[in-house]
Amino acid sequence: MAPAWLRPGTLPKLKLPSWPWRITWLYLGLVLFLPLGAITLKAAGVGPAGFWELATTPEAIASYQISFGLAVVASLINGVFGLVIAWALVRCRFPGQRLLDSLIDLPFALPTAVAGLALAAVYSSENGWLGEPLYRLFGIKVAFSAIGVAVAMVFISLPFVVRTVEPVLRSLEKEQEEASWCLGASQAQTFFRVVFPQLLPAILGGIAQGFSRAVGEYGSVVMISSNIPFVDLITPTLIIQKLEEYDIDGATVVGSVMLLFSLASLLVINIIQVWGQRYQATSTAVG
Amino acid sequence: MTFVVPDLEIYEPPKPPKGGSQANLGKNITAAIIPLIACLYVGLVILAPALSVVAQAFAKGIQPFLDNLSSPELLSAVKMTLITAAIAVPANTIFGLAAATAIARKKFRGKALLLSIIDLPFSISPVVVGLMLVLLYSPSHGVFGSVINSLGWKIIFSWPGIVIATIIVTFPFMAREVIPLLEEEGWEQEEAAKTLGANDWQVFWKVTLPSVRWAALYGLILTTARALGEFGAVSVVSGNIRGETQTLPLFVEDAYKQYQTELAFGAAAVLGGVALVSLLLKLVVELLLEQDKKAREIKPDA
């Protein structure tokens with residue numbers, strides 16, 4: 001129960017409708033708008049011509065290609081396997097299912113530095129559990145290469161697709177599939193024509209979220225990458241290197257490019273969500 | 001009982017067997033293959049790396065692991081991490097609850113935009129968060145640099161910077177968990193409390209907060225877990241001075257870079273343990289949240 005000091009009359013009357021708003025705006029202002037204002041101001045100070053020049057230096061462009069390219073690969077891989085995992089969790093019964101379910105959340109819970117250390121250790125081509133056989137048998141070097149960066153991105157973005165697809169898959173009505181089978185559709189036809197279209201917004205939403213996270217990821221990637229420019233140096237690492245070299249303008253400009261990308265990806269994710277809700281709305285209206 | 005027409009009881013629509021729709025079609029192979037692929041993939045990508053940390057940390061037995069943990073630099077990193085969380089988590093809790101009570105029940109233009117703004121730290125790269133703080137507070141090139149210099153404050157390369165960076169990357173969690181719950185709930189209970197003479201503060205403590213307690217706890221766990229483990233944003237602003245401004249995740253990376261592999265894995269195992277505890281707590285709270293929801297769903301019918 002509420003403590004005694006909360007009894008009527010012991011506290012001065014607060015205007016609650018305004019206080020939460022005051023706290024919200026003050027807090028957002030201090031921790032979000034102020035820093036955003038600072039980077040905007042600094043980026044504006046560089047000037048359009050200078051901005052373009054610094055944003056398109058060869059090493060910056062190479063880092064965008066590496067970051068965005070590998071993030072696309074990682075999020076597409078997770079798009080496929082995320083769907084498989086979500087299907088296994090919702091539609092199948094097998095021993096160890098609960099454990100699998102809990103493991104999915106590990107990349108969210110595990111600090112990224114630990115994830116990076118773990119991946120670098122397990123995929124090391126010298127003595128890693130998985131990296132050594134991969135190197136010996138196929139000559140594939142995972143840790144300290146672009147493949148390692150992709151593996152780290154796969155690790156940290158894995159939960160997104162699983163967790164966005166899972167609830168939608170759970171809410172699908174079995175009747176639709178049964179109807180489709182009754183009408184003579186094969187299992188594959190039922191999946192691709194009845195189930196998959198309904199899952200598509202969730203899959204795309206999960207891929208977009210995972211992609212956005214993978215592009216911005218730093219902690220796990222920096223530890224498994226060799227951080228060599230033009231090979232596996234990602235954009236966030238480039239920003240840090242520029243800061244360490246006191247190239248503040250360069251860091252600001254590349255940081256602004258990443259910020260603009262984040263805003264754009266947020267917009268895309270929101271659009272996908274609205275699109276997905278349209279699907280949900282029609283299915284609940286029927287149900 | 002005698003009113004039941006027996007004929008109606010006899011007919012039952014054919015139900016698919018318990019094995020799910022796959023088994024219903026007689027395609028048992030896919031039903032076996034899908035879980036197998038799922039387990040293999042998660043095993044390779046998540047489980048193997050996680051286990052390797054444990055294996056490496058305890059490679060030489062428990063005693064060396066404990067010795068590593070008592071290294072003064074590691075202990076100082078633990079302290080820094082705990083201080084950071086001790087400031088960031090309560091601050092974000094207050095903000096999260098305030099934002100939720102302010103936003104959830106109202107319909108206004110730009111509500112979706114405001115919710116997206118609150119979610120923004122999840123889409124911004126942690127490194128960019130750190131960069132923004134440097135551009136704001138750095139004494140040499142920050143927007144507020146001269147002000148901070150004249151006040152004699154130290155924010156970048158010191159603990160306030162670490163705390164602010166942690167706050168930024170973790171503040172959306174609480175609001176995000178509580179807002180949907182408050183949106184589902186109506187105003188009725190609060191209005192009833194107000195009609196009965198409760199002031200706004202009382203309404204918040206006695207009606208609003210208890211009704212969202214599990215969601216708030218869930219948000220609290222997520223906030224704490226992330227605050228203890230944040231790396232990118234903190235690494236930009238901390239300066240990474242061993243024994244002073246190094247948090248535990250920064251220590252892991254630094255020790256690994258300095259080839260102090262055992263120390264790195266020891267610290268990583270501690271952080272991994274914290275992550276496991278947070279996962280377990282999350283599971284418990286999820287169960288409580290579900291029970292709570294069920295209890296609420298029954299109420300209106302009764």
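**Notes on a two-chain helical model**

1. Let's start with B:Ala98: this residue is buried, since 23 other C-beta atoms lie within 10 Å. The cut-offs used here: buried takes 20 or more other C-beta atoms within 10 Å of a residue's own, exposed takes 12 or fewer, and partly exposed is in between, with C-beta atoms placed from the backbone. Before you read on, note that this is a predicted model, where local features need pLDDT of at least 70 and side-chain atom pairs count only at pLDDT 80 or more, while totals for chains, interfaces and linings use all residues. Residues are numbered from 1 along each chain as its sequence is written, and chains are lettered from A, ligands numbered from 1, in the order in which they are written.

2. What sits around B:Ala98? Its home is helix α5 of chain B. Helices here are DSSP runs of H or I with at least four residues, strands are runs of E with at least two, and both are numbered from the N terminus. Setting aside neighbours within four places in sequence, B:Ala98 is in contact with A:Pro20, A:Ile23 and A:Thr24; contact means that the C-beta atoms, placed from the backbone, lie within 7 Å. B:Phe204 is 106 residues away from B:Ala98 along the chain, and their C-alpha atoms are separated by 10.0 Å.

3. On to the interface. The contact between the chains takes 78 residues from chain A and 75 residues from chain B. Helix α1 of chain A (residues 19–46) gives the largest share of chain A's side, with 15 residues. That side of chain A has 57 nonpolar, 13 polar and eight charged residues. In this scheme Ala, Val, Leu, Ile, Met, Phe, Trp, Tyr, Cys and Pro are nonpolar, Asp, Glu, Lys and Arg are charged, and the others, Gly among them, are polar.

4. Chain B overall: 16 helices and zero strands. Of its 302 residues, 45% count as buried. Take the contacts in chain B between residues at least 6 apart in sequence, and 71% of them join residues at least 24 apart.

5. Now the packing of α5(B) and α9(B): their axes are 9 Å apart and the angle is about 50°, which makes α5(B) oblique to α9(B). Axes are lines fitted to C-alpha atoms, for helices over the stretch in contact, with angles from 0 to 180 degrees between N-to-C directions. Under 35 degrees is roughly parallel, over 145 roughly antiparallel, 65 to 115 roughly perpendicular, and the rest oblique. The crossing is right-handed, meaning that the near helix is turned clockwise from the far one by less than a right angle (anticlockwise would be left-handed). Among the residues that meet are B:Ile83, B:Ile87 and B:Ala91 in α5(B), and B:Trp159, B:Ile162 and B:Thr166 in α9(B). This contact has nine nonpolar, four polar and no charged residues.

6. α13(B) also packs on α5(B), at about 145° with the axes 9 Å apart, again in a right-handed crossing. The residues that make the contact include B:Ala88, B:Asn92 and B:Gly96 of α5(B), and B:Gly219, B:Thr223 and B:Ala227 of α13(B). By class there are eight nonpolar, eight polar and no charged residues.

7. The remaining pair is α9 (residues 159–170) and α13 (residues 213–229) of chain B, whose axes come within 9 Å and cross at roughly 140°. That makes α9(B) oblique to α13(B), and the crossing is right-handed. B:Thr166, B:Val169 and B:Thr170 meet B:Thr223, B:Arg226 and B:Ala227, so to speak a set of two nonpolar, three polar and one charged.

8. A geometry check on α12(B), residues 200–211: at 1.5 Å a residue, its 12 residues should span 16 Å, and the end C-alpha atoms are 15 Å apart, which agrees. The expected span is 1.5 Å times one less than the number of residues. Its buried residues are B:Asp200, B:Gln202, B:Val203, B:Phe204 and B:Thr208, and their cover includes α5 (72–103) and α11 (188–195) of chain B.

9. Two backbone spots to look at. Most residues other than glycine have a negative phi. A:Asn227 has phi near 55°, a positive value; this residue is in the loop between α11 (219–224) and α12 (235–244) of chain A and is partly exposed, with 18 other C-beta atoms within 10 Å. B:Phe157 has a positive phi near 60°, in the loop between α8 (145–151) and α9 of chain B. B:Phe157 counts as partly exposed, with 18 C-beta neighbours inside 10 Å.

Note on methods: Two residues are in contact if their C-beta atoms, placed from the backbone, lie within 7 Å.
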